[in-house]
Amino acid sequence: MTPKQVLDMAKENRARVVDIRFMDFPGIWQHFSVPVSELEESSFEDGYGFDGSSIRGWQPIDASDMLVIPDPTTAVIDPFYEVPTLVLIGNIVDPITRESYSRDPRNIAKKAEAYLKSTGIGDTVYIGPEAEFFIFDSIRFESSRNISFYEIDSVEGIWNSGREEDPNLGYKPRHKEGYFPVPPMDKFQDLRTEMMLTLEKIGIDVECQHHEVATAGQAEIDMRFKPLLEMGDQLVWFKYILKNVANRHGHTVTFMPKPIFEDNGTGMHTHISIWKDGNPLFAGDKYAGVSQEALYAIGGILKHCKALCAFTNPTTNSYKRLVPGFEAPVNLAYSSRNRSAAVRIPMYSMSPKAKRIEFRTPDPSCNGYLAFSAIMMAVLDGIENKIDPGDPLDKNIYDLPPEELAEVDSAPRSLEEALFALENDSDFLLKGDVFTEDVIEKWIEYKVENEINAVNLRPHPHEFFLYYDI
């Protein structure tokens with residue numbers, strides 16, 4: 001879409017407001033609005049100024065002025081605002097040099113796609129994330145000097161099977177039995193359908209929606225695969241739409257990886273494939289019908305998995321899900337059907353076009369632009385350096401004898417461990433200036449100062465249960 005076409009679109013839809021959006025460093029969408037009269041064809045070159053020092057992880061106060069340049073190809077009419085509003089996603093640039101900002105996550109995704117083409121390996125990388133989430137009725141939490149608690153509630157929560165509900169009609173999924181009961185056990189079919197149709201309304205292709213394994217409203221809606229940058233844009237729309245549909249019906253959606261104790265966590269199995277000149281690079285005659293390039297790609301992911309987790313599993317809560325021995329995909333191995341391996345080769349279809357690899361470790365707390373770019377860089381490093389992934393692991397990992405299991409490496413046990421791995425294994429990300437030293441250093445610094453230290457310094461409620469009577 002050209003700038004003129006965007007202006008025509010605004011007029012056709014009687015838009016009175018333009019919402020400019022961009023992603024902050026950790027991964028939360030930001031926005032500001034201007035009257036539609038302030039949008040001209042020149043706006044797509046001149047941009048709009050804002051204070052970059054007020055955005056998490058960005059500029060110091062003595063160099064705070066930044067510009068956001070709207071991308072005309074991202075124009076969408078917002079499905080929630082009362083006043084017709086045109087939404088444009090922007091790219092961040094320096095107002096003096098006009099250079100793209102190194103810490104703009106969308107810029108990193110753009111550079112990743114450009115780097116792929118420069119290698120000659122392929123021209124398109126397709127990403128297909130399966131972002132799970134929870135739908136709750138209520139969430140209460142507090143963390144202060146003398147009090148710390150959280151309380152989740154859901155009409156579906158099995159813990160409410162004995163609650164007075166005037167009347168309590170039962171039909172609450174037991175722990176780990178939420179995949180796929182029909183209503184009335186599944187209480188959110190209509191809500192998920194509304195989410196799905198709203199996604200389609202703004203042009204996002206959806207493959208399916210369903211209840212997930214956990215009690216208390218765990219769910220999944222799958223988007224059809226798209227090129228990396230486009231999928232980065234779609235993932236932020238995805239989170240925005242699901243949260244707002246739930247909100248207007250009196251529910252709340254979270255993408256926290258592990259909000260409920262002793263039930264399944266929330267993952268984001270991420271499918272990836274590389275194509276060149278319209279042909280799939282990962283189809284072949286090797287194991288499970290993949291190519292040698294696909295096996296090398298798997299080798300790249302397994303080699304760099306611990307560093308990747310700093311971006312694909314970027315919260316302290318992520319590692320409440322990634323616990324060895326509890327069916328989480330933490331084992332650094334690959335298989336055609338074994339879902340406990342970090343990398344799986346889906347076998348639903350033997351069509352060459354369907355051949356891809358599935359990285360199962362990530363979760364949806366991530367910044368999609370950064371996570372997808374990092375995964376692609378690991379894949380390319382594997383192909384370029386012919387990294388052998390070893391033999392597939394088709395056994396049930398949890399039935400392996402201890403001596404055999406000891407030979408299977410695991411994903412990091414904590415965010416701190418993942419950041420340490422990133423600090424010592426970042427060269428593959430720096431190729432083509434996709435990630436920069438500045439980005440890596442700031443990411444580690446931000447996560448340590450604002451998340452790891454903040455969590456480590458606070459007493460945990462369960463510590464009182466364990467130790468108060470000492």
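Val-330 counts as buried, because its relative accessibility is just 1% and anything under 20% falls in that class. This comes from a predicted model, and the same goes for everything below. As for where Val-330 sits, it belongs to the loop that runs between helix H7 (318-321) and strand E16 (331-335). Setting aside residues up to four places away in sequence, Val-330 touches Leu-322, Val-323 and Pro-324, along with Ser-340, Asp-409, Ser-410 and Ala-411. There is also a link in space to Thr-361: the two residues are 31 apart in sequence, yet 6.4 Å lies between their C-alpha atoms.

Phe-22 can be looked at in a similar way. This residue is part of strand E1 (residues 17-23), and it counts as buried because its relative accessibility is 4%. Its contacts, leaving out neighbours within four places in sequence, take in Ile-28, Trp-29, Gln-30, Phe-32, Phe-50, Ile-55, Trp-58, Val-68, Gly-90 and Ile-92. Asn-91 is 69 residues away from Phe-22 along the chain, and the C-alpha atoms of this pair are separated by 7.1 Å.

His-304 turns up in helix H6, which covers residues 292-312. With a relative accessible area of 2%, His-304 is buried. Once neighbours within four places in sequence are ignored, its contacts are Ala-378, Asp-381, Asp-425 and Phe-428. Further along the chain, Thr-315 lies in the loop between H6 and H7. Thr-315 has a relative accessible area of 18%, so it is buried too, given that the cut-off is 20%. Not counting residues up to four places away in sequence, Thr-315 touches Pro-257, Ser-365, Leu-415 and Glu-451.

Next come two helices that pack together. A pair like this is described by the angle between the axes and the distance between them. For helix H3 (residues 105-119) and helix H5 (residues 228-248), the axes come within 8 Å and cross at roughly 155 degrees. H3 and H5 are therefore roughly antiparallel to each other, since angles over 145 degrees are put in that class. On the H3 side, the contact is made by Arg-106, Ala-109, Lys-110, Ala-112 and Glu-113, while H5 brings Leu-228, Leu-229 and Asp-233. Sorted by class, the residues of this contact split into 4 nonpolar and 4 charged, with no polar ones.

H3 and H5 show up again in the second largest pocket, where each supplies at least two residues of the lining. H5 gives the most to that lining, with 5 residues. The volume of the second largest pocket is about 320 Å³. Its lining is made of 15 residues, and the closest to the centre are Thr-73, Thr-74, Glu-230, Asp-233 and Gln-234. One of these, Asp-233, is also among the residues that H5 uses in its contact with H3. By class, the lining of the second largest pocket comes to 7 nonpolar, 4 polar and 4 charged residues.

The backbone has some unusual spots as well. Most residues other than glycine have a negative phi, and most peptide bonds are trans. Against that background, the loop between strand E9 (148-153) and helix H4 (189-201) is worth a look, with Phe-180 as one of its residues. The peptide bond from Tyr-179 to Phe-180 is cis, and its omega is near -5 degrees. A cis bond is also found from Pro-183 to Pro-184, with omega near 10 degrees, and Pro-184 lies in the loop between E9 and H4. Lys-176 is in the loop between E9 and H4 as well. Although Lys-176 is not a glycine, its phi is positive, at about 65 degrees. With a relative accessible area of 49%, Lys-176 is partly exposed, because the exposed class begins over 50%.

Ala-216 is another non-glycine residue with a positive phi, again of about 65 degrees. Its place is the loop between strand E10 (206-211) and strand E11 (218-223). Is Ala-216 buried or exposed? Ala-216 is buried, because its relative accessible area is 0%.

Conventions
Residues are numbered from 1 along each chain as its sequence is written. This is a predicted model: local features need pLDDT of at least 70, side-chain atom pairs count only at pLDDT 80 or more; totals for chains, interfaces and linings use all residues. Side-chain values use heavy atoms; hydrogens and water are left out. Axes are lines fitted to C-alpha atoms, for helices over the stretch in contact, and angles run from 0 to 180 degrees between N-to-C directions. Angles under 35 degrees count as roughly parallel, over 145 as roughly antiparallel, 65 to 115 as roughly perpendicular and the rest as oblique. Contact means heavy atoms within 4.5 Å. Ala, Val, Leu, Ile, Met, Phe, Trp, Tyr, Cys and Pro count as nonpolar, Asp, Glu, Lys and Arg as charged, and the others, Gly among them, as polar. On a 1 Å grid over the protein atoms alone, a cavity is a set of points where a 1.4 Å probe fits but cannot get out, and a pocket is an open set with protein on both sides within 12 Å along at least five of seven lines; lining residues have an atom within 4 Å of a point. Grid points are joined across faces, edges and corners, and a volume is the space filled by probe spheres set on the points. Buried means under 20% relative accessible area, exposed over 50%, partly exposed in between (1.4 Å probe, protein chains only).
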